[in-house]
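Here is a protein model to look through. Some questions and short answers come after it.

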Amino acid sequence: HQIIQVQVAHKINNSTEFNALTRTVNIHRPDGTMKTYIQTAVLKRNVYIDGVTGAKTYGAWSTDNWDAIQIPVFAGYTASQDQVAAHQVTGEDSDQTVDVYYTPINTN
């Protein structure tokens, strides 16, 4: 009787996972209309799947950016913010909605 040892490594399959995050900016204009900007950031990460056990190991998410949006100026009104700042989107972020409102300037 002879004992034979065989070393076997699990086959690891590699795939990619994507996550699209959206920032919606609603500008509520003084005339009652609304202008909407939709910004999408797409993140990706590697997923390693053990071919024997099915266990998954995840890589780090990539990053993307949402650009800054300048808020228009309307005479006689003040916006709730001057701009929506640029933002580096990471795996820690989620979808966002930003609402900008105008209030009349009191001229008394």
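The turns below cover the sheet, its pairings and a few single residues; the model is predicted.

Q: In what order do the strands of the open sheet stand?
A: The model is predicted. Its open sheet has 5 strands, and the pairing is mixed. The order is E3-E2-E1-E9-E6.

Q: Which strands stand at the edges of this sheet?
A: An edge strand has a single partner strand, so one side of it is left without a neighbour in the sheet. Two strands stand like this: E3 (56–58) and E6.

Q: By what angle are neighbouring strands of this sheet turned against each other on average?
A: The angle is an average over neighbouring strands of the sheet. Direction is ignored. The value is 25°.

Q: How many bridges pair E1 with E2?
A: The two strands pair in the antiparallel sense. One example is Ala20 in E1, with Val42 as its bridge partner in E2. The number of bridges between E1 and E2 is 17.

Q: Which residue in the hairpin of E1 and E2 takes a positive phi?
A: The hairpin has 5 residues between the strands. The phi in question is near 95°. The residue is Gly32.

Q: Do E1 and E9 run parallel or antiparallel?
A: E1 covers residues 12–28 and E9 covers residues 96–104. They are joined by 6 bridges. Arg23 stands opposite Gln96 in E9. The two strands run parallel.

Q: Which residue of E9 stands opposite Ala79?
A: Strand E6 spans residues 77–79. E6 is joined to E9 by 3 bridges, and the strands run antiparallel. The residue opposite Ala79 is Tyr102.

Q: Which residue of E3 stands opposite Tyr48?
A: Strand E2 runs over residues 34–50. It is joined to E3 by 3 bridges, in an antiparallel arrangement. Opposite Tyr48 stands Thr57.

Q: Which residue's side chain meets that of Arg45 in a salt bridge?
A: Side chains of opposite charge can pair when their charged atoms come close. The count comes to 1 salt bridge. Its N to O distance is 2.6 Å, within the 4 Å cut-off. The partner of Arg45 is Glu17.

Q: How many residues apart are Arg45 and Glu17?
A: The pair links distant parts of the chain. Arg45 is in strand E2 and Glu17 is in strand E1. They are 28 residues apart.

Q: Is Arg45 buried or exposed?
A: Its relative accessible area is 18%. The limit for burial is under 20%, so Arg45 counts as buried.

Q: What class of exposure does Glu17 have?
A: Glu17 has a relative accessibility of 28%. Buried residues lie under 20% and exposed ones over 50%. The value falls in between, so Glu17 is partly exposed.

Q: Is Asn26 buried or exposed?
A: Asn26 lies in strand E1. Its relative accessible area is 10%. This is under 20%, so Asn26 is buried.

Q: Which residue in E9 stands opposite Asn26?
A: Asn26 is in contact with Met34, Lys35 and Thr36, among others. Its contacts also include Thr97, Val98, Asp99 and Val100. The one that stands opposite Asn26 in E9 is Asp99.

Q: What distance separates the C-alpha atoms of Asn26 and Ile38?
A: These residues are 12 residues apart along the chain. Their C-alpha atoms are separated by 8.8 Å.

Q: Is Asn14 buried or exposed?
A: Asn14 lies in strand E1. Leaving aside neighbours within four places in sequence, it is in contact with Asn46, Val47 and Tyr48. Its relative accessible area is 52%. That is over 50%, so Asn14 is exposed.

Q: Which residues does Ala60 touch, not counting those up to four places away in sequence?
A: Ala60 is in the loop between E3 and strand E4 (64–66). Its relative accessible area is 68%, so Ala60 is exposed. The residues it touches are Lys44 and Arg45.

Q: Which residues make the nonpolar surface patch?
A: The patch is about 360 Å². One member, Val6, is in the segment before E1. Val6 is exposed, with a relative accessible area of 64%. The patch is made by Ile4, Val6 and Val8.

How values were computed: Residues are numbered from 1 along each chain as its sequence is written. This is a predicted model: local features need pLDDT of at least 70, side-chain atom pairs count only at pLDDT 80 or more; totals for chains, interfaces and linings use all residues. Side-chain values use heavy atoms; hydrogens and water are left out. Two strands pair if DSSP finds at least two bridges between them. Helices (H or I, at least four residues) and strands (E, at least two) are DSSP runs, numbered from the N terminus. Axes are lines fitted to C-alpha atoms, for helices over the stretch in contact, and angles run from 0 to 180 degrees between N-to-C directions. Buried means under 20% relative accessible area, exposed over 50%, partly exposed in between (1.4 Å probe, protein chains only). Patches are made of residues with over 30% relative accessible area and no salt bridge: like charges are joined within 9 Å, nonpolar side chains (Val, Leu, Ile, Met, Phe, Trp, Tyr) within 5 Å. Accessible areas come from the Shrake-Rupley method with a 1.4 Å probe; for residues, only the protein chains shown count as cover. Contact means heavy atoms within 4.5 Å.
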